[in-house]
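Q: I should like to learn how a protein structure is read, feature by feature. May we begin with the surface and then proceed to single residues?

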Amino acid sequence: MKIFGIEFAPLYLPLKRRLQTLAVLFYVLLFLQAFSIIGFFLFIYLLFTKFYWLSLLYAIWYYIDFNRPYSGGRKVSWSKTWSIWKYFRDYFPIKLVKTVNLDPNENYIFAISPHGIMCFSAMINFATDATEFPNLFPGLEPHLITLNGQFYSPLMREFFMMCGACACEEKSLKYILTNKDRCKKKGQVCALLIGGARLVRIIIFLIFKY
């Protein structure tokens, strides 16, 4: 079906495909800072209501917890097994292919390339269990290394840390790979997107140029 030259998906698509599309939309909105906008709005809005104390408590928590993305993060295992991630995976679909066994008594840096614009594969493979990372690489603990800015805003920082993500800083990688405190166990993996934001700008430039 086309409206004003725009082709829309058929109305008779199966429910499963609709759910897959919604899962991807959820991530796209997340990537485009929807959580950040909602988080900042709630924080400011609540300051002018009788629930102002919630914003004050969060501000104190934020200050105390500010360095957590640089010190191993705060993974919540159940968030990596949400059904939404399986729908996300199946939309493309995305598959994690194992080509070699890795010793769980060693730490690793996984270099991910190309970066892409929204890092779909990196997110689903290393920040969720949808592609069976724990079964393919038993004993390894992945940390998706992402931009520091993802950890500055309310809600967004909590979401990414729940998925095991950590900030892209030298001190953050050293903390993980030298097995400090929260990362005492061997088998730590830093999944690092090569090129980062600089490469994204180049990709966007090429898209609009050609």
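A: Let us take the surface of this predicted model. The accessible surface of the protein comes to about 12900 Å², and carbon and sulfur atoms account for 68% of that area.

Q: What share of the 210 residues counts as buried?

A: Burial is judged by relative accessible area, and a residue under 20% is called buried. In this protein, 39% of the 210 residues fall into that class.

Q: How many helices and strands does the protein have, and what box do its C-alpha atoms fill?

A: There are nine helices and six strands. Taken along the principal axes, the box filled by the C-alpha atoms is roughly 55 × 55 × 35 Å.

Q: How should contacts be read with respect to the sequence?

A: One may ask how far apart in sequence the touching residues are. Among contacts between residues at least 6 apart in sequence, 73% join residues that are at least 24 apart.

Q: How many positive and negative charges are there, and how far apart are their mean positions?

A: The protein carries 24 positive and 12 negative charges. Their mean positions are 4 Å apart.

Q: Is Q188 buried or exposed, and where is it found?

A: Q188 belongs to strand 6, which spans residues 188-193. Because its relative accessible area is 4%, Q188 is buried. A polar atom of the Q188 side chain lies 2.8 Å from the backbone oxygen of K185. Leaving aside residues up to four places away in sequence, Q188 touches several residues, among them Y108, E141, H143 and C183.

Q: What does S71 touch, and where does it lie?

A: S71 is placed in the loop between helix 3 (52-65) and helix 4. Its relative accessibility is 13%, so S71 counts as buried. The side chain of S71 has a polar atom 3.0 Å from the backbone oxygen of N67. Beyond residues up to four places away in sequence, S71 touches Y175 and R182.

Q: Which residues other than glycine have a positive phi?

A: Two cases may be considered, each with its place in the chain. Q33 has a phi near 75° and sits in the loop between helix 1 (15-31) and helix 2 (34-47). With 28% relative accessibility, Q33 is partly exposed. L155 has a phi of about 70° and occupies the loop between strand 4 (141-146) and helix 7 (156-162). L155 too is partly exposed, at a relative accessible area of 38%.

Q: Which residues does a cis peptide bond join?

A: The bond between F92 and P93 is cis, with omega about -10°. P93 is located in the loop between helix 4 (83-91) and strand 3 (108-112).

Q: How many disulfides are counted, and why is C163 not in one?

A: A disulfide is a covalent bond that links the sulfur atoms of two cysteines. The cut-off used here is a sulfur pair within 2.5 Å, and the count comes to zero. For C163, the closest cysteine sulfur is that of C166, 12 Å away, which is too far for a bond. C163 is also buried, at 1% relative accessibility.

Q: Why is C166 not bonded to C183?

A: The sulfur of C183 is the closest cysteine sulfur to that of C166, but the two are 6.4 Å apart and therefore too far for a bond. C166 is buried as well, with a relative accessible area of 0%.

Definitions and conventions
Residues are numbered from 1 along each chain as its sequence is written. This is a predicted model: local features need pLDDT of at least 70, side-chain atom pairs count only at pLDDT 80 or more; totals for chains, interfaces and linings use all residues. Side-chain values use heavy atoms; hydrogens and water are left out. Helices (H or I, at least four residues) and strands (E, at least two) are DSSP runs, numbered from the N terminus. Buried means under 20% relative accessible area, exposed over 50%, partly exposed in between (1.4 Å probe, protein chains only). Contact means heavy atoms within 4.5 Å. Accessible areas come from the Shrake-Rupley method with a 1.4 Å probe; for residues, only the protein chains shown count as cover. Lys and Arg count as positive and Asp and Glu as negative; His and the chain ends are not counted. The place of a charge is taken as NZ of Lys, CZ of Arg, CG of Asp or CD of Glu. A polar contact is a pair of N or O atoms within 3.5 Å; within protein, one must be able to donate a hydrogen and the other to accept it, and residues adjacent in sequence count only if both atoms are side-chain atoms.
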